[in-house]
Amino acid sequence: MSHFSYQNGVLHAERTPLSRIAEEFGTPAYVYSKAALLDNLAAYSDACQGRNALVCYAMKANSNLAILDLLARQGAGFDIVSGGELLRVIAAGGDPNKVIFSGVGKTEDEMRLALDKGILCFNVESIPELHRLNDVAGSLGKRAPVSLRVNPNVDAKTHPYIATGLKANKFGVAFDDALETYRTAASLPHLDVVGIDCHIGSQLLDDAPLLEALDKLIELIDTLDSEGIHIHHLDIGGGLGVDYGVAGDKPPVPVGDYLGRLFARIDAWRAARHDGRAVKVIFEPGRSIVASTGVLLTKVEFLKPGAEKNFAIIDAAMNDMMRPTLYGAWMDMQPVVPRESEKAVYDIVGPVCESGDWLARERELALQPGDLLAMMSAGAYGMTMASNYNTRGRAVELMVDGEQVHVIRQRENPADLFALETMLK
Ligand SMILES: *Cc1c(COP(=O)(O)O)cnc(C)c1O
């Protein structure tokens, strides 16, 4: 069930009209539904019931403290990609012992911070990173828990910018080098080899590539076992897609179906070949937890009819939502109060001085200046990718809970944007 729906001709978030929110808090605004967030996490937790499994929300999709807090309270862990994200988890009351640290370029400072806080695992992506982590752990008199991000070389069939599991990507250790890399890891005195992980891409509408990756990891775990390197957890990454409403796209596979198939394979493997030792399963979903949780609420400033194109100029821009210009992503735009009048075809663009500043193209809508639009499924990779380009303060973030609206991040004030700058004396 969607928590964004029309009631009496007005688009609502839960039981709150978006028109009322715009009046009270202004636009552009990110508006999230608390119920949607909890439902999306529950789809994972329900499918993991009674299993040795952990959902580590990939917080780069949306790292607002209120969102982290709600997820942490439901028992979620976190997948982080920087020291800053770890500090966010801690500020939100999350448990560092449920944190896994991904990313190709961890600094010594970030490693020290993560070791100091006692994270669950470092997902290591290269041999130089293993050596650096070993040195940092040694200097602190600690042992670092590690997993290797293996690149299973499966084609995730998604946008090249969000496909990460192919040989040509910067991510992970090549499948053919994995055994050798594990041997190196096992030989280093300040590392504990505990896991194996992968993440093959994002916005996958089908789970076949994920299950193919799972088979490759299972194969490797068996090989490692025979070498005396025992893997305690298997982390399959994130990547499950969401329904952005793109014409011609098939709907994404439901979370429960994917997890059902995945656990069935794991059960079959353990029954057939394994020695009964438990292998914990870790998931790193980002988009599928938060995308459908939020909309970007924006107002039409001007209509600009043209010989070739009509433009609707809105108060949100590429700095608020990068996905269209960065990936050519198609995002659904819905009028908050649909009009009966005749429709026209618009390119919906922002005020930023770039031709790439568009949010939606060729949309048939009946619009007037002052109308409100909602960009749907904007809860993932929206606010976290926002910038201050053109000295635009980032949008306010709001969380709706029934009829209540909570400000979870204030609108940025332009003066704050240059507060850290200094002129020469
Ligand atoms: C971004 C990322 C994820 C989350 O991907 P989604 O497609 O948002 O689910 C998970 N793991 C790693 C390592 C990532 O970089």
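**Exercise 1. Locate E180 and R183 in the secondary structure, and determine how their side chains meet.**

*Solution.* Helix α7 (residues 178–187) holds both E180 and R183, which stand 3 residues apart, about one turn of the helix. Helices here are DSSP runs of H or I with at least four residues, strands are runs of E with at least two, and both are numbered from the N terminus. The model is a predicted one, in which local features need pLDDT of at least 70, side-chain atom pairs count only at pLDDT 80 or more, and totals for chains, interfaces and linings use all residues. Residues are numbered from 1 along each chain as its sequence is written, and side-chain values use heavy atoms, with hydrogens and water left out.

The side chains of E180 and R183 form a salt bridge at 2.8 Å, N to O. The term denotes a side-chain nitrogen of Lys or Arg within 4 Å of a carboxyl oxygen of Asp or Glu.

**Exercise 2. Which residues are linked with R183 in a network of salt bridges?**

*Solution.* Step one: R183 also forms a salt bridge with E227, with the closest N and O atoms 2.7 Å apart. This pair links distant parts of the chain, since R183 lies in helix α7 and E227 in the loop between α8 (208–226) and β12 (233–235), 44 residues apart.

Step two: E180, R183 and E227 are thus linked in a network of salt bridges.

Step three: E180 is partly exposed at 46% relative accessible area, R183 is partly exposed at 33%, and E227 is partly exposed at 37%. The classes are buried (under 20% relative accessible area), exposed (over 50%) and partly exposed in between, with a 1.4 Å probe and protein chains only.

**Exercise 3. Describe the salt bridge between D109 and R112.**

*Solution.* The side chains of D109 and R112 meet at 2.9 Å, N to O. Both residues lie in helix α5 (residues 108–117), 3 residues apart and separated by about one helical turn. D109 is exposed, at 54% relative accessible area, whereas R112 is partly exposed at 31%.

**Exercise 4. How many residues surround the ligand, and which atoms of D79, G239 and R287 lie at a stated distance from ligand atoms?**

*Solution.* The ligand is surrounded by 14 residues, the closest being K60, S202, E284, R287 and Y381. A polar side-chain atom of D79 is 3.2 Å from a ligand nitrogen atom. A polar backbone atom of G239 lies 2.8 Å from an oxygen atom of the ligand, and a backbone N or O atom of R287 lies 2.7 Å from a ligand oxygen atom. Taken alone, the ligand exposes 390 Å², and the protein buries 93% of that.

Technical notes:
A residue is near a molecule or strand if one of its heavy atoms lies within 4 Å of it. A polar contact is a pair of N or O atoms within 3.5 Å; within protein, one must be able to donate a hydrogen and the other to accept it, and residues adjacent in sequence count only if both atoms are side-chain atoms. Accessible areas come from the Shrake-Rupley method with a 1.4 Å probe; for residues, only the protein chains shown count as cover.
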